Amino acid sequence: MRSRMCPRCGRPVPHGQRCPRCAARAPSGRSARTREREAARTSENPWRPSYSSAGYRRARQLVMARQGGLCAVCGLPVASLRDGRWVAGRYGGVHHVVPLSEGGSNDPSNLVLLCARHHNEIDSERRRNG
């Protein structure tokens with residue numbers, strides 16, 4: 001049976017199912033994120049607003065074009081060209097090689113396109129190792 005990595009804890013979960021460990025901890029119904037909580041996240045993580053900057057969006061476009069929309073690890077197609085712009089699907093995204101929280105930048109040389117599996121594996125490993 002195919003599985004995927006849970007984005008919260010990084011454990012393998014059968015496709016089409018929620019992670020039983022994380023689902024038990026998640027609030028039911030609506031998202032628990034409130035404006036106050038989101039504001040607190042921004043103050044705790046001052047790099048967050050840079051994700052919506054024009055420079056970051058340009059860098060993402062360059063990275064997706066450089067890799068032809070394919071995951072850098074396995075070659076899975078994760079982005080497509082639509083109306084002259086690259087669009088990352090739900091199966092992947094742009095990853096910071098050196099995280100912004102550790103002094104990384106939004107420069108294209110610090111960005112790589114990864115499928116969801118490899119992106120989650122790398123992020124889970126970072127969380128485990130501190």
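These questions and answers walk through one predicted protein model. Residues are numbered from 1 along each chain as its sequence is written, and side-chain values use heavy atoms, with hydrogens and water left out. Because the model is predicted, local features need pLDDT of at least 70 and side-chain atom pairs count only at pLDDT 80 or more, while totals for chains, interfaces and linings use all residues.

Q: How many helices and strands does the protein have?
A: Helices (H or I, at least four residues) and strands (E, at least two) are DSSP runs, numbered from the N terminus. From the N terminus on, they run β-β-α-α-α-β-β-β-β-α. The totals are 4 helices and 6 strands.

Q: What share of the residues in the protein is buried?
A: Buried means under 20% relative accessible area, exposed means over 50%, and partly exposed lies in between (1.4 Å probe, protein chains only). The protein has 130 residues. Buried residues make up 29%.

Q: Which strand gives the most residues to the largest nonpolar core?
A: A nonpolar core is a set of buried Ala, Val, Leu, Ile, Met, Phe, Trp, Tyr and Cys residues joined through side-chain atoms within 4.5 Å. The largest one holds 14 residues, and Met64, Ala79, Val94, Leu111 and Leu113 touch the most other members. Helix H3 (54–66) and strand S6 (111–115) each give two or more residues. The top contributor, with 5 residues, is S6.

Q: How many residues are in the second, separate core?
A: This core includes Cys9, Val13, Cys19 and Cys22. In soluble globular proteins, nonpolar side chains tend to be buried together. The size of this second core is 5 residues.

Q: Is Leu111 buried or exposed?
A: Leu111 lies in strand S6. Contact means heavy atoms within 4.5 Å. Leaving aside neighbours within four places in sequence, Leu111 is in contact with ten residues by name: Tyr56, Ala59, Arg60, Val63, Arg66, Val94, His95, His96, Val97 and Asn106. Its relative accessibility is 1%, so Leu111 counts as buried.

Q: What distance separates the C-alpha atoms of Leu111 and Val94?
A: Along the chain, these two residues are 17 residues apart. Leu111 and Val94 also touch. Their C-alpha atoms are separated by 6.3 Å.

Q: What span should the 13 residues of H3 have?
A: The expected span of a helix is 1.5 Å times one less than its number of residues. The end C-alpha atoms of H3 are 18 Å apart, which agrees with the expected value. That expected span is 18 Å.

Q: Which strands are among what covers the buried residues of H3?
A: The buried residues of H3 are Tyr56, Ala59, Gln61, Val63 and Met64. An α-helix has 3.6 residues a turn, so residues three or four places apart point the same way. The cover includes strand S3 (79–82), strand S4 (85–88), strand S5 (92–96) and S6.

Q: Is Asp83 buried or exposed?
A: Asp83 lies in the loop between S3 and S4. Its phi is positive, about 50°, although Asp83 is not a glycine. Its relative accessibility is 84%, so Asp83 counts as exposed.

Q: What is the relative accessible area of Arg37?
A: Arg37 lies in helix H2 (residues 35–44). The C-alpha atoms of Arg37 and His119 are 25 Å apart. Arg37 is partly exposed, and its relative accessible area is 47%.
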